[in-house]
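I opened this model to look up a few things and kept notes as I went. The entries follow in the order I made them.

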Amino acid sequence: MGPNRVPNGGCGWVIVLVSFIVNFLLDGIAYSCGIYFPVFSNEFQESDSKTALIASLANGCYLAISPVAGAVTKKFGCRKVAICGSIWAAVSLGAASLSPSIDVVIATFGISFGLAFGFLYLPSIVIVNQWFDSRRGVAVGVTTAGTALGMTLMPYLCQTLVDLWGWRNSLRILGGTLMLLVPLVFLYRPATSNQVSSGPGSNSSNGGRTSCSNMMNFLGIGIFKDWRFVLLCAVTLIASLGYWSPFIYIKKFLISKGVSDDHAVFIVMLFGFANLIGRPLAGLLMYLKVADSVLVLNSSIVIGGLLTVLFPFLESAWIYPVYTTLFGFAAAFHICSKSLSVVDLIGIDNLENGFGFILLFMGIGCTVGSPILGLFYNESEDSYTMVFVLAGLLMIFGGLIGLPLKFRNSLRTEADARLMQNPTSASEVTEEDV
């Protein structure tokens with residue numbers, strides 16, 4: 001095998017397993033913030049709004065730091081960044097367990113852990129994409145299934161730890177578990193020789209790093225010259241404005257319709273189970289060339305939007321679990337295809353920077369969208385109808401404006417195929433082809 005040939009297996013499946021574990025733990029802990037919410041509120045006698053900052057900052061910081069994490073990963077490699085992220089995340093939870101006040105919990109569990117999350121999550125997705133080419137869809141699907149399993153099981157594991165040993169010891173146990181990731185992510189070695197050291201800013205001088213130009217190069221701002229990436233960012237931002245609202249408001253909607261609390265929890269759990277099955281399935285379908293990543297990205301969010309628009313008008317007990325299951329599958333297909341779409345549209349060499357900016361726009365949409373949509377809750381009628389309708393319309397609009405990406409991506413795929421068949425004609429393939 002040549003030095004620059006992607007392995008498409010072998011040790012790559014070990015990388016997939018490690019990344020699966022990373023996703024399971026990180027996203028599992030992030031989705032378990034709801035377990036710690038009442039614990040922190042009671043322990044420090046603080047308001048719900050202030051306590052809620054812990055979860056919002058943890059998720060917001062992880063997404064906001066992604067462009068920086070992508071640039072650092074491109075410069076130093078996935079292994080070094082992931083090791084630092086593992087240690088940072090573990091220390092953050094350990095420090096949170098010693099917190100004397102809610103402000104310290106916000107700083108450690110919210111801000112510090114969120115930033116560490118970004119420096120561990122992004123290289124764990126990038127490394128899988130680097131190790132696979134033709135089987136990339138399957139590999140990414142299996143990797144991201146770790147998130148689905150984590151969001152399903154970790155809340156129960158965290159609740160058990162809190163019940164048995166208290167919240168402080170539970171955070172210490174979780175921190176110690178994250179520290180065990182260090183020898184695992186040490187396996188994140190480059191798949192090919194040309195991935196060892198690359199990226200904008202890698203050859204810049206120390207003095208030049210202070211300049212705006214070199215900083216822009218370091219962050220990979222140049223990828224915004226590609227209209228396809230700009231449109232992909234727009235799709236991500238608009239769709240994300242509505243994407244998280246079904247997850248956030250579904251339980252309150254169900255309770256407003258007379259569904260018992262226990263049954264509502266079961267219905268919400270179906271999101272996780274559908275995600276667990278849907279992500280590997282999405283990867284498999286893309287591997288089998290049933291659909292390409294860009295088509296899956298846009299069509300899945302349109303389908304999820306249509307389901308969300310119709311959901312509040314179909315008042316029937318059997319509709320509720322059907323909706324959460326189908327929306328869970330749509331969400332799984334959408335999330336699984338994100339990093340694959342970045343690779344297909346702007347190339348594997350731009351994945352670190354590109355995926356970092358995609359996560360940033362996703363974070364902006366999720367942070368701004370749900371609170372704004374929450375304003376459309378009709379308190380007098382206890383109705384969340386407009387919340388779901390508007391969330392669905394945003395997802396539909398986001399998916400529809402991304403349809404031109406499918407057409408241009410098809411042209412690029414055809415051009416790549418011609419190059420594979422006749423490498424000597426590379427000079428004949430121009431930007432017009434892609």
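**Entry: a loop residue and its patch**

I started at L375. L375 sits in the loop between α16 and α17, the latter being residues 385-401. The model is a predicted one, so I treat every value here as computed from it. Is L375 buried or exposed? L375 has a relative accessible area of 70%. The cut-off for exposed is over 50%, so L375 counts as exposed.

I then looked for what goes with L375 on the surface. L375 belongs to a nonpolar patch with I364, V368, I372, F376 and M386. Together these residues have about 550 Å² of accessible area. Which helix gives the patch its largest share? I found that α16 does, with three residues.

**Entry: the whole chain**

Next I stepped back to the totals. I counted 18 helices and zero strands. The chain has 434 residues, and 52% of them count as buried. The exposed area of the chain is about 18,500 Å². Carbon and sulfur atoms supply 67% of that area.

I also checked how far the contacts reach along the sequence. I took contacts with a separation of 6 or more. Residues 24 or more positions apart make up 83% of them.

**Entry: salt bridges**

I searched the whole structure for salt bridges and got three. Side chains of opposite charge can pair when their charged atoms come close. I went through the pairs in turn.

R168 and E43 form a salt bridge, with 3.8 Å between the closest N and O atoms. This pair links distant parts of the chain. R168 is in helix α8 (residues 136-179) and E43 is in helix α2 (residues 33-44). They are 125 residues apart. R168 is partly exposed, at 24% relative accessible area. E43 is also partly exposed, at 40%.

I moved on to E352 and K74. Their side chains meet in a salt bridge at 3.6 Å, N to O. Here too the pair links distant parts of the chain, 278 residues apart. E352 lies in helix α16 (residues 351-374), K74 in helix α5 (residues 66-76). Both E352 and K74 are buried.

D226 and R228 form a salt bridge as well, and their closest N and O atoms are 2.9 Å apart. Are these two residues buried or exposed? D226 has a relative accessible area of 18%. Buried means under 20%, so D226 counts as buried. R228 is buried too, at 4%.

**Entry: aromatic pairs around Y36**

I ran the search for aromatic pairs over the whole structure and got 25. I picked Y36 to follow. Y36 and F40 form a stacked pair, 5.7 Å centre to centre with 20° between the planes. Both residues lie in helix α2, four residues apart, about one turn of the helix. Y36 and F40 are both buried.

How do the rings of Y36 and F109 meet? They meet edge-to-face, with centres 6.0 Å apart and 75° between the planes. This pair links distant parts of the chain, 73 residues apart. Y36 is in helix α2, while F109 is in helix α7 (residues 102-131). F109 is buried, as is Y36.

I then asked which aromatic cluster holds these residues. Y36, F40 and F109 belong to one cluster that also includes F44, Y62, F113, F117, Y121, W167 and F355.

**Entry: N275**

My last stop was N275. N275 is found in helix α13, residues 261-287. N275 has a relative accessible area of 2%, so N275 counts as buried.

What does N275 touch, leaving aside residues up to four places away in sequence? I listed A148, P280, G328, A331 and A332. For G328 I noted a polar detail. A polar atom of the N275 side chain lies 3.5 Å from the backbone oxygen of G328. I also took a distance to F327. The C-alpha atoms of N275 and F327 are 9.1 Å apart in space, and the residues are 52 apart in sequence.

How values were computed:
Residues are numbered from 1 along each chain as its sequence is written. This is a predicted model: local features need pLDDT of at least 70, side-chain atom pairs count only at pLDDT 80 or more; totals for chains, interfaces and linings use all residues. Side-chain values use heavy atoms; hydrogens and water are left out. Helices (H or I, at least four residues) and strands (E, at least two) are DSSP runs, numbered from the N terminus. Buried means under 20% relative accessible area, exposed over 50%, partly exposed in between (1.4 Å probe, protein chains only). Contact means heavy atoms within 4.5 Å. Accessible areas come from the Shrake-Rupley method with a 1.4 Å probe; for residues, only the protein chains shown count as cover. A polar contact is a pair of N or O atoms within 3.5 Å; within protein, one must be able to donate a hydrogen and the other to accept it, and residues adjacent in sequence count only if both atoms are side-chain atoms. A salt bridge is a side-chain nitrogen of Lys or Arg within 4 Å of a carboxyl oxygen of Asp or Glu. Patches are made of residues with over 30% relative accessible area and no salt bridge: like charges are joined within 9 Å, nonpolar side chains (Val, Leu, Ile, Met, Phe, Trp, Tyr) within 5 Å. Rings of Phe, Tyr and Trp (its six-membered ring) pair if their centres lie within 6.5 Å; planes under 30 degrees apart count as stacked, over 60 as edge-to-face and the rest as tilted.
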